[in-house]
Amino acid sequence: MEMLSCILISATALISGFLVFVLMKFVFGKTCKIEDDKNAQKKDEAISALEIKLQEAQKSKISLSVELSSCKEQLSDLQQQLAKALEGNLDTKTIAKMADALTLREQIAKLEKKIKELEDESENYEDEIDDLKKELKRGKSEIEELDEQLQSSKKKNNELEEEVATISAKLDNTQKTLFIKEESLSFVQEVLQAEKASDSKELETAIDRFVDFIKGELSDVLKDISKSPIDESLLQNWSLSARKIWLKNKTTIAFVGEFSAGKTSIVNRILSQDDKNIPLLPVSAKATTAIPTYISGGITTAYQFYSPDNNLKSISETTFKKVNKEVLDQVEGLSSLITYFVMKYKNPNLDKLSILDTPGFNSNDSEDYRRTIEVINECDALFWVFDVNAGTVNRSSLKIIKEHLAKPLYIVINKVDTKSDKEIDSVEMLIKKTIEAEGITVKEYIRFSSNPKYELDSIMNPIRNVVHDTSKEEFINELENRINSLQNEWCKIAKESTSSYDKSRKEYDGVVDKYINVQNQLFQACENAVNIPHFESHLFRKDNYEMSQQEYSQLENILTDDVPTECNKLATLFDESNEIVDKMNDLYNNKFEAEQSLRKLNDIIKKFKKYDDAYRRAALNVLPLKK
């Protein structure tokens, strides 16, 4: 990450320096052009002034020429008059005029002098005109050179402007790339720094504790009692499902479609149910279609993402809006950061419904469609949107669906208000033919339009008929039923074993009573036998015990009949009592085991209910309906 930052900073500095160089070069070129333009303008002004001055001199020369001619005519006339006067050929008028002869001579002298001055001035003007023509010629030559320089400068300036335009375009592209990289870097940084969603911490903790209890104590008890362990794969599935509170007790449908198929307009219409008071998506569709995004009901608007390590984390709205294909293309291994987004906002129409908006399968990135197909299979059904005006089916998408989709498929032919029924029939037939050729089963073909005039129920009825998969949600209920059933079973076993033990105990007591009776009878027979010989005193012989023949027979009967019979009875009763004792031991062990098992089950059920109650309370605190 630091290396990427350094690269971005270095690239920015390099581009900035290059931009300064280009701008300086551009400004210098512009400055040179301005100076050339100023010089050329001055030359043009000087030449114009010379041309004006030359025109004025030529006008003055013409005026002087006219005046000189007039003076010369007057002089000629006076000279003729003077000649006539000298010859004496003067008339009265002429003689009268001759009175002013002196005056005429003075006028002639003045005219001759003025003529001389005019001729000199004319010569000066001619010299000045020659000089001006030469200077004008030089000026035009200079202007031609300046024009050549100007054309050269313009050519260089055009080349420079083209170069600047090219570099500016490259700079714009580079700046755009840098901006995208900066956006990507900012996006990744916030994703990496994201914390668990505050509204799910209690739920996460409750689920983790519940899972640990089930995998630990409960599993040990079940292994010990029923010899049947818990299926940890089912537990894992439940754990993952329980964390996704936006799916709990809701029908979840996924929408997928090619670009401009009108998917977003369908989603918005479902969200609003044509009620203008219900808010639509709080952000544009651009963000929600770059990565699979759940749209779900919430207490407030929240932007979250589900990570591959099964944690729900929060991000800002700003970061969420940065999500687009250009930004994400800069992020390698996106699946290691985000599985999908979860966007929650307050909308009563989402109390029993959750919508998954997806980018579709038309990406060349296998990671994109793998991530999409995984999350789609969390949903209860897939709604694939086609634009009736496109009339085509993406076969690669069909292949992916055929190989990986495990949920019911609905086909939505959108924008049907733009076509006739005959044209719609033709498009539907083509789509159906293509899909059936791939061996894919379609639950229903739906004709729809975002136009409010078109019936909303045409898509809502199929959505209402989607069957919500509760198998993952039912795991805990099924587990609770299992341990309750075990409890009932072991209650019965404990009761039966206690009854059997008590019955055996009574049987043992009966055998003991019999044994005592037989023992008493044996003792009595022995006592009777002992009492048969009686002690007799004799005078001539020793005293001793004696019996009569009848007494001897009686003693013999006792010893050979009664005593063995009673001993046999005792032996039989002894054996019987031992059997009963062994049986009693077994029954007692069974009774003890049943009572122990029942005690364990009672204790574990109490703990189960405690963890289950904690989980359900935490789940209710997250659900919008709770608030």
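Which element of the protein has the lowest confidence, and which the highest? Colour this predicted model by pLDDT before selecting anything else, and look for helix 7 (residues 285-288), where confidence is lowest at a mean of 46, and then for strand 9 (residues 444-447), where it is highest at 95. Across the protein the average pLDDT is 81, and 80% of the residues score at least 70.

**Stop 1: strand 7 and its neighbours**

Select strand 7, residues 381-387, and show its side chains. Seven of its seven residues are buried, so the strand is largely enclosed by the rest of the structure. Turning the view, you can follow Ala381, Phe383, Val385 and Asp387 pointing one way, while Leu382, Trp384 and Phe386 point the other way.

Next add strand 1 (residues 251-257), which runs parallel to strand 7 and is joined to it by five bridges. To find the register between these two strands, pick Ala254, whose bridge partner in strand 7 is Leu382. Then add strand 8 (residues 409-414), which also pairs with strand 7 in the parallel sense, here over six bridges; the residue to pick is Trp384, which stands opposite Ile411 in strand 8.

**Stop 2: strand 8 to strand 9**

Stay on strand 8 and ask how much of this strand is buried. Six of its six residues are buried, so strand 8, too, is largely enclosed by the rest of the structure. Both of its faces are covered, with Leu409, Ile411 and Ile413 on one side and Tyr410, Val412 and Asn414 on the other.

Now bring in strand 9, which pairs with strand 8 in the parallel sense over four bridges, and note that Ile411 stands opposite Tyr445 in strand 9. If you trace the backbone between these two strands, the chain leaves strand 8, passes through helix 12 (residues 421-437) and arrives at strand 9, making a right-handed β-α-β crossover.

While Tyr445 is on screen, display Lys432 as well, since the charged end of Lys432 sits over the ring of Tyr445, 4.9 Å from the ring centre.

**Stop 3: salt bridges**

The model contains 19 salt bridges, of which a few are worth visiting one by one. Begin with Lys263 and Asp357, whose side chains meet at 2.6 Å, N to O. This pair links distant parts of the chain, with Lys263 in helix 6 (residues 263-272) and Asp357 in strand 6 (residues 353-357), 94 residues apart. Both Lys263 and Asp357 are buried.

Move on to Arg269 and Asp274, which form a salt bridge of 2.9 Å, N to O. Are its two ends buried or partly exposed? Arg269 is buried, with a relative accessible area of 4%, whereas Asp274 is partly exposed at 39%.

Then select Arg541 and Glu546, where the N to O distance of the salt bridge is 3.1 Å. Here Arg541 is partly exposed, with a relative accessible area of 47%, and Glu546 also counts as partly exposed, at 21% relative accessibility. Finally, display Asp425, Glu428, Lys432 and Arg447 together, as these residues are joined into one network by salt bridges that share partners.

**Stop 4: aromatic pairs**

The structure holds 19 aromatic pairs. Select Trp238 and Tyr615, whose ring centres are 5.2 Å apart and whose planes stand at 70 degrees, so the pair is edge-to-face. Trp238 belongs to helix 5 (residues 232-243) and Tyr615 to helix 15 (residues 549-622), so the contact ties together parts that are 377 residues apart in sequence. Trp238 is buried at 2% relative accessibility, and Tyr615 is buried with a relative accessible area of 3%.

A second pair to inspect is Tyr501 and Tyr588, with ring centres 5.6 Å apart and planes at 55 degrees, so this pair is tilted. Tyr501 lies in helix 14 (residues 475-531) and Tyr588 in helix 15, so parts that are 87 residues apart in sequence are tied together. Tyr501 is buried, with a relative accessible area of 14%, but Tyr588 is partly exposed at 40%.

To end the tour, widen the selection around Trp238 and Tyr615 to take in Phe210, Phe213, Phe608 and Tyr611, since these six residues form one aromatic cluster. At Tyr611, add Lys610, whose charged end sits over the Tyr611 ring, 4.9 Å from its centre.

Terms used. Residues numbered from 1 in each chain as written. Heavy atoms only, no water. Salt bridge = Lys/Arg side-chain N within 4 Å of Asp/Glu carboxyl O. Buried < 20%, exposed > 50% of the residue type's maximum accessible area, 1.4 Å probe, protein only. Phe/Tyr/Trp six-rings, centres within 6.5 Å; stacked < 30°, edge-to-face > 60°. Lys NZ or Arg CZ within 6 Å of the ring centre and 35° of its normal. Pairing = 2+ DSSP bridges. pLDDT = per-residue confidence, 0-100. Right-handed = clockwise from strand over helix to strand, strands pointing away.
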